[in-house]
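Hello,

Here is the structure I promised to pass on. Please open it alongside this note; what I found follows below.

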Amino acid sequence: MPSERKEFEATAKMKGVMGKYFTDLCAGGEQGRKTAWCSSVGPAELLVALGFNVYFPENHGAMLGASRMASDLIPLANARGFSPDICSYLTSDVGAYLKGVSPLQKMKLPGPPKADVLVFNTNQCRDVKDWFQFYAREWHVPCVGIHTPRSIGEVDETIVKDVASQTEALVAPLERVAGAKLDIDRLREVIVLSRKCTGLWKAVLDTAANVPAPLTFFDGTIQMGPAVVLRGTHPAIDYYELLLAELKQRIADGLAAVEGEKFRIYWEGMPVWGKVRDLSTQFAELKTAVVASTYCNSWVFEALDAADPFAGMARAYSSIFICRSEDMKEKYIERMAAKYRIDGVLYHDAKTCPNNSNNRYQMPQRLQQKLGKPYLVVNGDLNDLRLYSEEQTRTSIQAFVEQLSEG
Ligand code: SF4
């Protein structure tokens, strides 16, 4: 039975693109480039335009999860006063720092570069700020950021003005660290590239609306790397053009990511990084394609606007799912369910990320009523596999798919 993920030809190229990103990143410090750490939905375009070496610690957190290093590292951060209940990206990353280990070392790289400045946006959670402040205290470097409101309904002008002015206020302190003045034309250029990358990434994800889907959520968690760490640069655009062409070809050839696709699922919440391959295999065996997710779509920033750089960034980064109201989130999932023709919704309740777990305030029940589709809640975590039961999850996924076949 074909149950393994069908690899993309483009993936070999992606490994090269990501490898070069990490090599340049680690070399950057030695070449005298200043390094800025940026939260994953922080103002990356501004940092790229200022010439920083831009590093995304959440990407490192995901690598610690995917390499299954995280669970052993988290207790080191716990021993330093970070609760086991808070973000396991934070605790595994701090644990890795304390122990001096990193998945980057498997690539013969020294590990994450030290920050000259850390830049957060609390649009996603407070944890990123607390995480960055640990390193700011450790290395005596500045930590600056944007405090975006949470639970946003409409992204109106008041919010855009507030967030845009907070972003503009970062320019002076960042210029001081960079030792360079911001060139507004360079910022516009980076925004054009970032907007293009976003459009291509969305087009990649949109191909899964096809029946059968040419890629799954599990593929997406691997393919999203360049959209996260290289937005605003040419290599990300080149890569997604290549991947999109391959996906279109898969559609033309009738090639399904899950052979014999029978059911289509929406994944709400974080990936379980250490179990991506196992879950992908199980769903493939059950002829069920996980066709869409909130998570992979979190790097679609359609409001970026080179004509109005700061307002565009403010609108884009305040429009992401995670900082929206329950009503807006529900409407979003309703639209996704229709677009991707889903048969059911899986909610991952990630113990250490309440911000990305949307099953806790009755949303599954409300959406079930609206959509008339069943749901499943899987208890687990993004990185801490001690909070994930393999057996229980396998059994409940199997029972859920049986339920779909009866419906
Ligand atoms: S959104 Fe969740 S996983 Fe991401 S940094 Fe915040 S707490 Fe951690």
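This is a predicted model, so please read everything below in that light.

Helix α17 first. On one face of α17, Glu-391, Gln-392, Thr-395, Ala-399, Glu-402, Ser-405 and Glu-406 are exposed, on the side away from the buried residues. The buried residues of α17 are Thr-393, Phe-400 and Val-401. They cover an arc of only 95 degrees around the axis, so they sit on the same side of α17. What do they pack against? The partners are four strands: β5 (263–268), β6 (288–293), β7 (344–350) and β8 (375–380).

The length of α17 also checks out. The helix runs over residues 390–406, 17 residues in total. At 1.5 Å a residue it should span 24 Å, and its end C-alpha atoms are 25 Å apart, so the two values agree.

Now the ligand. Which residues surround it? The shell consists of Glu-58, Cys-87, Tyr-89, Gln-124, Cys-125, Asp-127, Val-128, Cys-353, Asn-355, Asn-356 and Leu-382. By class, six are nonpolar, three polar and two charged. The charged pair is Glu-58 and Asp-127. Both domains contribute to the shell: domain 1 (10–183) and domain 2 (186–406) each supply at least three residues.

Next, some backbone details to look at.

- Val-211 and Pro-212 are joined by a cis peptide bond, with omega about 0 degrees. Pro-212 belongs to the loop between α9 (184–206) and α10 (217–223).
- Lys-108 is not a glycine, yet its phi is positive, near 65 degrees. You will find Lys-108 in the loop between α5 (88–99) and β3 (117–121).
- Gln-362 is another non-glycine residue with a positive phi, about 75 degrees. Its place is the loop between β7 and α16 (363–371).

Are these two positive-phi residues buried or exposed? Lys-108 has 8 other C-beta atoms within 10 Å. Gln-362 has 9 other C-beta atoms within 10 Å. A residue counts as exposed at 12 or fewer, so both Lys-108 and Gln-362 are exposed.

If you have time for one view, start with α17. Turn it until Thr-393, Phe-400 and Val-401, its buried residues, come into sight. Then move on to the ligand shell and, after that, to the cis bond between Val-211 and Pro-212.

Best wishes

Key: Residues numbered from 1 in each chain as written. Predicted model: local features only at pLDDT ≥ 70, side-chain atom pairs only at ≥ 80, totals over all residues. Near = placed C-beta within 6 Å. Domains from an automatic or database assignment. Helix = DSSP H or I, 4+ residues; strand = E, 2+ residues; numbered from the N terminus. Expected span 1.5 Å × (residues − 1). Buried ≥ 20, exposed ≤ 12 C-beta atoms within 10 Å, placed from the backbone. Arc of directions from axis to C-beta. Contact = placed C-beta atoms within 7 Å.
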